[in-house]
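Colleague: Could you take me through the model below, beginning with its charged side chains and then moving on to helix packing and enclosed space?

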Amino acid sequence: MPGLERALAAWQVRPAGSRPLLLLDFDGTLVDFEVDPAAVRLSPARQLLLQSIASRSDLSAGIVSGRRISDLRARGCGGSNLFYAGLHGLEIEGPGLRFAHHAASAAAPTLGVLVIEVKNATKELPGVVLEDKGLSIVLHVRGASKADRLHALTRFRALAEPYISDGILRVLPGDEMTELLPNIDWTKGDAVRALIRHVESMYKQTAWPVYIGDDETDEDAFEEIGDSGLTIGVSNRAAGASFHIASPDSVETFLRAVLATD
């Protein structure tokens with residue numbers, strides 16, 4: 001049975017009396033990748049689909065992403081019923097919930113210096129894009145040649161290494177990108193745990209978490225859920241998921257099937 005059909009079958013036999021908590025990564029999961037992350041936007045059809053799911057009274061839904069929450073909203077992930085976990089969970093918002101990790105801002109001055117240094121080191125490399133999120137920076141190399149990709153990543157790591165060694169920053173690899181974050185013991189898995197607890201407290205029901213993600217940055221979320229819910233990897237990059245589907249188009253098919261079920 002193909003992965004999509006198996007995932008839908010698992011959705012159909014979810015535990016009776018539980019409240020589904022449907023959580024999705026954004027890039028590579030709800031939308032296809034672009035060379036420039038600023039070019040990405042959720043299509044109107046998927047915006048409506050996400051809003052329709054989030055408005056259901058029998059489940060909760062949210063986005064768990066490396067992007068800032070403000071950026072997710074600007075790209076079409078709107079809806080007052082949605083939960084948002086941005087910066088890999090360092091900031092979380094949603095109905096009855098507002099959280100920002102108290103230690104996240106400590107690395108901001110270091111990251112501000114690094115942004116300038118990395119821009120200067122990579123500005124002549126076509127297809128290399130530096131994304132400044134304020135509390136993290138990401139080097140995207142999807143559009144670069146093999147030689148320029150290697151050069152950019154080598155320079156990026158060399159400039160960051162003193163701060164990594166000092167414990168100020170940590171590296172988070174992803175698909176054709178590398179991110180520098182504050183070195184805080186907090187991941188998407190912690191964000192998922194916080195959202196599960198909040199939903200259970202809010203609705204006085206056991207949550208049944210469903211997490212859909214596409215790469216290494218989602219592995220902590222898959223591990224947190226384990227066998228207690230449903231984990232779906234979009235492509236085989238997400239090795240820790242129980243089921244694997246092909247693409248954001250397959251995610252849309254899954255969501256439409258969810259919307260169609262009681």
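Colleague: Which kind of contact joins the side chains of arginine 46 and aspartate 249?

Modeller: In this predicted model, arginine 46 belongs to helix H2 and aspartate 249 to helix H8, so that the pair, 203 residues apart, links distant parts of the chain under the DSSP assignment of helices. Their side chains come to 2.6 Å, N to O, and a distance within 4 Å between such atoms is what the criterion asks for. The structure holds 20 such contacts, and the kind that joins arginine 46 and aspartate 249 is a salt bridge.

Colleague: At what angle do the axes of helix H2 and helix H8 cross?

Modeller: Ala45, Arg46, Leu49, Ser52 and Ile53 in H2 meet residues of H8 that include Pro248, Asp249, Glu252 and Leu255. The residues of this contact divide into six nonpolar, one polar and four charged. The crossing is left-handed, and the axes of H2 (residues 44-54) and H8 (residues 248-260), which come within 10 Å, cross at roughly 40 degrees.

Colleague: Which residues are the closest to the centre of the largest cavity?

Modeller: The structure holds one cavity of 30 Å³ or more, and the volume of the largest cavity is about 300 Å³. Its lining divides into five nonpolar, five polar and 13 charged residues, with strand E7 (137-140) and strand E9 (177-182) each supplying at least two of them. Of the 23 residues in that lining, the closest to the centre are Asp27, Phe33, Lys133, His140 and Met177.

Key:
Residues numbered from 1 in each chain as written. Predicted model: local features only at pLDDT ≥ 70, side-chain atom pairs only at ≥ 80, totals over all residues. Heavy atoms only, no water. 1 Å grid on protein atoms, 1.4 Å probe; cavity = no way out; pocket = protein on both sides within 12 Å on 5 of 7 lines; lining within 4 Å. Points joined across faces, edges and corners; volume = space filled by probe spheres on them. Helix = DSSP H or I, 4+ residues; strand = E, 2+ residues; numbered from the N terminus. Nonpolar A, V, L, I, M, F, W, Y, C, P; charged D, E, K, R; others polar. Axes fitted to C-alpha atoms, helices over the stretch in contact; angles between N-to-C directions. Left-handed = near helix turned anticlockwise from the far one by under 90°. Contact = heavy atoms within 4.5 Å.
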